[in-house]
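Thanks for asking me to look this one over. My notes follow as numbered points, to be read with the structure open.

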Amino acid sequence: PAEFFAQYQYIKDIEEKVLAVKRENVKVFIICPGIIYGCGEDTFYQLFKSAWLQDPILLPYLGEGTNKIPTIHLKDLVRLVIKVAENPPENSPYLIAID
């Protein structure tokens, strides 16, 4: 729905402005990460803690439990940023970063 996408329009506007930068020795990339976890991020803390302690025995899930959520560990995201800086891709300014 239009209302859903409208709330992210400002992000798209920023992307377009950044991609429009035309400066010598400057390459722009947009890295789109999945849900970031690890290194103090508490995104999945409670879920991992419950799984580790087996409390509850069965973790809750939505629907049939077959959905997949794109995630990335913070260290993996940092490694990707470093690789892009060291060896920029030629084809696209957009990169999807997921585990």
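1. A cut-off to begin with: a residue counts as buried under 20% relative accessible area, as exposed over 50%, and as partly exposed in between. Glutamine 54 has 52% relative accessibility, so this residue counts as exposed. Please keep in mind throughout that this is a predicted model.

2. Now the overall layout. The protein chain holds four helices and four strands. Read from the N terminus, the order of these elements is α-α-β-β-α-β-α-β.

3. On overall dimensions, the radius of gyration deserves a look. The protein chain has 18 Å, whereas a compact globule of 99 residues would have a value near 13 Å. The C-alpha trace spans about 55 × 35 × 25 Å along its principal axes.

4. How much of the protein chain counts as buried? The share is 13% of the 99 residues. The accessible surface of the chain comes to about 8500 Å², and carbon and sulfur atoms account for 60% of that surface.

5. The contacts have a long reach in sequence. Taking contacts in the protein chain between residues at least 6 apart in sequence, 77% join residues that are at least 24 apart.

6. As for charge, the protein chain carries 10 positive and 13 negative side chains. The centres of these two sets lie 6 Å apart.

7. The pairing of β1 with β4 is a good place to start on the strands. Strand β1 covers residues 30-33 and runs parallel to β4, with four bridges joining the two. Within this pair, isoleucine 30 stands opposite tyrosine 94 of β4.

8. Which residues of strand β4 form its covered face, and which its uncovered one? In this strand, residues 94-97, Leu95 and Ala97 make up the covered face, while Tyr94 and Ile96 make up the uncovered face. In a regular strand the side chains alternate between the two faces of the sheet.

9. Threonine 71 belongs to strand β3, which spans residues 71-73. Is this threonine 71 buried or exposed? With a relative accessible area of 18%, threonine 71 is buried. Leaving aside neighbours within four places in sequence, its contacts are Gly34, Ile35, Tyr37, Phe44, Ile98 and Asp99.

10. Isoleucine 36 sits in strand β2, residues 35-37. Its relative accessible area is 25%, so isoleucine 36 is partly exposed. Not counting residues up to four places away in sequence, isoleucine 36 touches Glu41, Thr43, Ile72, Leu74 and Leu77. Glycine 63 is 27 residues from isoleucine 36 in sequence, and their C-alpha atoms are 23 Å apart in space.

11. At the N-terminal end of the numbering, glutamate 3 is found in helix α1, residues 2-6. Glutamate 3 has 63% relative accessibility and therefore counts as exposed. From glutamate 3 to isoleucine 57 the separation is 54 residues in sequence and 39 Å in space, C-alpha to C-alpha.

12. Helix α2, residues 9-19, holds tyrosine 10. With a relative accessibility of 52%, tyrosine 10 counts as exposed. Tyrosine 10 and tyrosine 94 are 84 residues apart in sequence, and 17 Å separates their C-alpha atoms in space. Tyrosine 94 is the residue already met opposite isoleucine 30.

13. The loop between α2 and β1 contains asparagine 25. What is its phi? The value is near 65°, which is positive in a residue other than glycine. Asparagine 25 counts as exposed because its relative accessibility is 77%.

14. The loop between α3 and β3 would be my choice for a closer look at the backbone. Glutamine 54, introduced at the start, is placed in this loop, and its phi is near 55°, again a positive value in a residue other than glycine. Proline 56 lies in the loop between α3 (45-53) and β3 as well. The peptide bond leading from aspartate 55 to proline 56 is cis, with omega near 5°.

Terms used
Residues are numbered from 1 along each chain as its sequence is written. This is a predicted model: local features need pLDDT of at least 70, side-chain atom pairs count only at pLDDT 80 or more; totals for chains, interfaces and linings use all residues. Side-chain values use heavy atoms; hydrogens and water are left out. The radius of gyration is taken over C-alpha atoms; the globule rule is 2.2 Å times the number of residues to the power 0.38. Buried means under 20% relative accessible area, exposed over 50%, partly exposed in between (1.4 Å probe, protein chains only). Contact means heavy atoms within 4.5 Å. Accessible areas come from the Shrake-Rupley method with a 1.4 Å probe; for residues, only the protein chains shown count as cover. Lys and Arg count as positive and Asp and Glu as negative; His and the chain ends are not counted. The place of a charge is taken as NZ of Lys, CZ of Arg, CG of Asp or CD of Glu. Two strands pair if DSSP finds at least two bridges between them.
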